[in-house]
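Let's take a friendly walk through this protein, starting with its hollows and ending with its rings. Please have a look at the model below before reading on.

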Amino acid sequence: MSSTKDNISEILRMVKFLLFSISAGIIEIIAFEVLNVLTSWDYWPKYLTALILSILWNFTLNRAYTFRSANNVPVAMMKVAAFYVVFVPVSTIGGQYLAGTLGWDETLVLIITMACNLITEYLYDRFIVFGSSIDTNKRALDKG
């Protein structure tokens with residue numbers, strides 16, 4: 001049975017993840033829109049470039065501040081990469097189909113994809129990437 005303190009900590013963790021993900025989303029949207037204006041690329045290379053930038057930003061902040069993990073960075077990044085080995089093809093092919101074949105607005109497709117990413121990545125990071133190493137970094141140990 002979890003305590004009220006544990007519940008509050010978990011809610012705060014979700015809020016931090018949401019806020020950092022919003023900042024990563026802003027980076028992704030700006031990068032995508034810049035590529036949209038400056039290139040004649042199809043949806044998928046614009047999406048992949050913007051996504052990679054946001055992944056690096058989001059991983060760095062969430063590892064340090066949301067999950068406060070002292071785990072091995074290369075191992076954690078490989079776990080995140082495994083998530084994206086599945087997510088990227090599905091979202092890229094799906095996004096290209098919606099935008100390229102069905103003619104949906106590319107920005108709308110990007111926002112829908114980002115919402116799916118937010119939910120699935122939080123659960124994956126929380127339980128698989130950082131699950132056993134949450135609150136183990138110096139920042140977490142100093143606060144108690």
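Which residues lie nearest the centre of the second largest pocket? They are Ser21, Gly25, Met114, Asn117 and Leu118, out of 17 lining residues. Before going further, note that this is a predicted model, in which local features need pLDDT of at least 70 and side-chain atom pairs count only at pLDDT 80 or more, while totals for chains, interfaces and linings use all residues. Residues are numbered from 1 along each chain as its sequence is written, and side-chain values use heavy atoms, with hydrogens and water left out.

A pocket here is an open set of points on a 1 Å grid over the protein atoms alone, where a 1.4 Å probe fits, with protein on both sides within 12 Å along at least five of seven lines; lining residues have an atom within 4 Å of a point. The second largest pocket has a volume of about 220 Å³ (the space filled by probe spheres set on the points). Helix 1 supplies the largest share of its lining, seven residues; helices are DSSP runs (H or I, at least four residues), numbered from the N terminus. By class, this lining has ten nonpolar, five polar and two charged residues.

Now turn to the largest pocket, with a volume of about 330 Å³. Lys5, Ser9, Arg13, Arg68 and Asp135 are the closest to its centre among 13 lining residues. Here, too, helix 1 (residues 4-38) gives the largest share, seven residues. The lining divides into two nonpolar, three polar and eight charged residues.

Next comes the interior. The largest nonpolar core (buried nonpolar residues other than Pro, joined through side-chain atoms within 4.5 Å) has 25 residues. Tyr43, Tyr47, Tyr84 and Phe130 touch the most other members. Helix 3 (73-101) gives the most to this core, with seven residues.

Finally, look at the rings. The structure holds twelve aromatic pairs (ring centres within 6.5 Å). In one of them, Phe17 and Tyr122 have ring centres 5.0 Å apart and planes at 70°, so the pair is edge-to-face (over 60 degrees). Phe17 lies in helix 1 and Tyr122 in helix 4, so this pair ties together parts that are 105 residues apart in sequence. Both Phe17 and Tyr122 are buried (under 20% relative accessible area, 1.4 Å probe, protein chains only). Ring pairs also link Phe17 and Tyr122 with Phe59, Phe67 and Phe130 into a cluster.

Definitions and conventions: Helices (H or I, at least four residues) and strands (E, at least two) are DSSP runs, numbered from the N terminus. Ala, Val, Leu, Ile, Met, Phe, Trp, Tyr, Cys and Pro count as nonpolar, Asp, Glu, Lys and Arg as charged, and the others, Gly among them, as polar. Buried means under 20% relative accessible area, exposed over 50%, partly exposed in between (1.4 Å probe, protein chains only). Rings of Phe, Tyr and Trp (its six-membered ring) pair if their centres lie within 6.5 Å; planes under 30 degrees apart count as stacked, over 60 as edge-to-face and the rest as tilted.
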